[in-house]
Amino acid sequence: MFLIVLGYWSSVFIAADMEKAILEAIKITALLPFSILFSTLAKEQMMKVFRWLPYMGGFLVVVGIVFQMNRQNRLESTIGYANALAIFLLISLLITFLFYVRKASKSDFTLMIIQATGLMFTYSRAVWVLWLLSLIALVMFQEFRKRSIWLQIVWVHLISFIVTALLKKDVLFFWSRLKTIQPETSEFRMRLVYWKDSLSMIADNWWLGTGGGGWSVLQSKYQSEAYFVRFVHNHYLQLALDIGVFGSLLFIFIVLYFYYKSFILIKSLKPTEANSSLLWIKGILLAGTVLLLHAGFDFDFSFLLVFALLLMLIEYAIGESPCRAVIVFQPGIFTKTIVSISLAAMLLFTSWVTVGNFIQVRGQNNVAIGELQMAVKNFSRVQKMMPWAASSYYEMAKVYVLLGNKTNDRNDYLNAKNQIEHAVQLAPSEELYLALSEDIKRYFIKE
């Protein structure tokens, strides 16, 4: 994980858009504390973390439904993306199954109903398919070969279906969505187009990638038909686009290591009634596989909650492995000092960027309510704080165009021209910046 983080920071210097690359690097760096924390947890502590997952899933569903946090009739809750919520709920549901099979508590039964209801509310077809495949996989678990368990699981799904149908006021909601699962659907076809086009971009930037966010900036040069998407909808390709093929190979190595450790652990454990470790490692392996499969055709891991969940599953398998190598590392004063300074600098830089982004949003709000002079002041502050932020120069250029339209002052258009030229200089391939630059140039040609 440290090498992946290092890759994101290294790509900043060759990124198609340094501003986007820095934001992605900060985001991925936030995973390091989770990775370190999970690696230090004992089995009992890790189980306490797992114990909270069903409650987190239930909370997200209840909050999302009560406050109607939907988009296009699909539940997104506080996560903001229906498919990411769906995959998180599926993992938390599988974890709840594992708890329920060991101790059939009423609270877990209720949580399963709530999470299954939330899964239906997301209308996520791909996750529904993985949901079905996961249930089929559970049949192969010796611990689930009990008629009573499957009766309860059937009841969970039946009740959740009835609840969803009542809340949606549509008995056929499931079938109407399910019948659209076809290879010819526009979403699936377009994702094939994204993947095909991304391979050409990877071929041209295979060593260090395009930096975080580079795909969204450069895609117009490689696309075989018109579209715009921020992510390529495939995490393995996304890593190669962001930080080069080396980044994808690092992630694949982590995945292979996860499977290697899991299978070693499964072989070392005996299938006895009292042995819950075997059930859990099989369940963790299934949950991790579900996450990794879905990451192959969506951008779940751009959400830190989902990525951190994968790291937790991997750390559990590694920590429980019987052939775990323990490295005792006792850093000296010099090492501690360097690490402390690095962490403090990272925290300060992240805070600095966060404040800069907040001021930029405030400037955008000023524009929305017509306070153009105040917007100019806010965007100027952003430019001083983050001179690499091309979007602040673009936003400022738009403000000067609005001022020029209002006052007919040629100097406002000249200021807009200077601002957009700076934005283009920072991100020369960004279509939005180029389009505004051309519009302003046409104004001076007509003049």
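Student: How far apart, N to O, are the side chains of Arg-191 and Asp-298 in their salt bridge?

Tutor: This is a predicted model, in which local features need pLDDT of at least 70, side-chain atom pairs count only at pLDDT 80 or more, and totals for chains, interfaces and linings use all residues. Residues are numbered from 1 along each chain as its sequence is written, and side-chain values use heavy atoms, leaving out hydrogens and water. A salt bridge is a side-chain nitrogen of Lys or Arg within 4 Å of a carboxyl oxygen of Asp or Glu. For Arg-191 and Asp-298, the N to O distance is 4.0 Å.

Student: How many residues apart in sequence are the parts that Arg-191 and Asp-298 tie together?

Tutor: Arg-191 lies in helix α10, and Asp-298 in the loop between α14 (276–294) and α15 (304–320). Helices are DSSP runs (H or I, at least four residues), numbered from the N terminus. The pair therefore ties together parts whose separation in sequence, in residues, is 107.

Student: Does Asp-298 count as buried or exposed?

Tutor: Buried means under 20% relative accessible area, exposed over 50%, and partly exposed in between (1.4 Å probe, protein chains only). Arg-191 has 16% relative accessibility and counts as buried. Asp-298 has 1%, so this residue counts as buried.

Student: Which residues are joined into one network by salt bridges that share partners?

Tutor: A search of the whole structure finds 12 salt bridges. Those that share partners join Asp-17, Lys-20 and Glu-430.

Student: Which helix holds both Glu-24 and Lys-27?

Tutor: Their side chains meet in a salt bridge, 3.4 Å from N to O. Glu-24 is buried, with a relative accessible area of 14%, whereas Lys-27, at 23%, counts as partly exposed. The two residues are 3 apart, about one turn of the helix. Both lie in residues 18–29, which is helix α2.

Student: With which residue does Glu-225 form a salt bridge?

Tutor: Glu-225 is partly exposed, with a relative accessible area of 31%. The closest N and O atoms of the bridge are 3.2 Å apart. Its partner is Arg-189.

Student: Which residues does Ser-216 touch, not counting those up to four places away in sequence?

Tutor: Ser-216 lies in helix α11 (residues 214–222). At 9% relative accessibility, Ser-216 counts as buried. Contact means heavy atoms within 4.5 Å, and on that basis Ser-216 touches Lys-20, Phe-228, Val-229 and Arg-230.

Student: Which residues make the nonpolar surface patch of about 630 Å²?

Tutor: Patches are made of residues with over 30% relative accessible area and no salt bridge, like charges being joined within 9 Å and nonpolar side chains (Val, Leu, Ile, Met, Phe, Trp, Tyr) within 5 Å. Accessible areas come from the Shrake-Rupley method with a 1.4 Å probe; for residues, only the protein chains shown count as cover. One member, Trp-206, lies in the loop between α10 (186–204) and α11. The patch is made by Phe-13, Ile-14, Trp-206, Trp-207 and Leu-208.

Student: How many of the 18 residues of α18 are buried?

Tutor: Helix α18 (residues 390–407) reaches 26 Å from its first C-alpha to its last, close to the 26 Å expected. That expected span is 1.5 Å times one less than the number of residues. The helix is followed by Asn-408, whose phi is positive, near 60°. α18 is mostly covered, its count of buried residues being 13.
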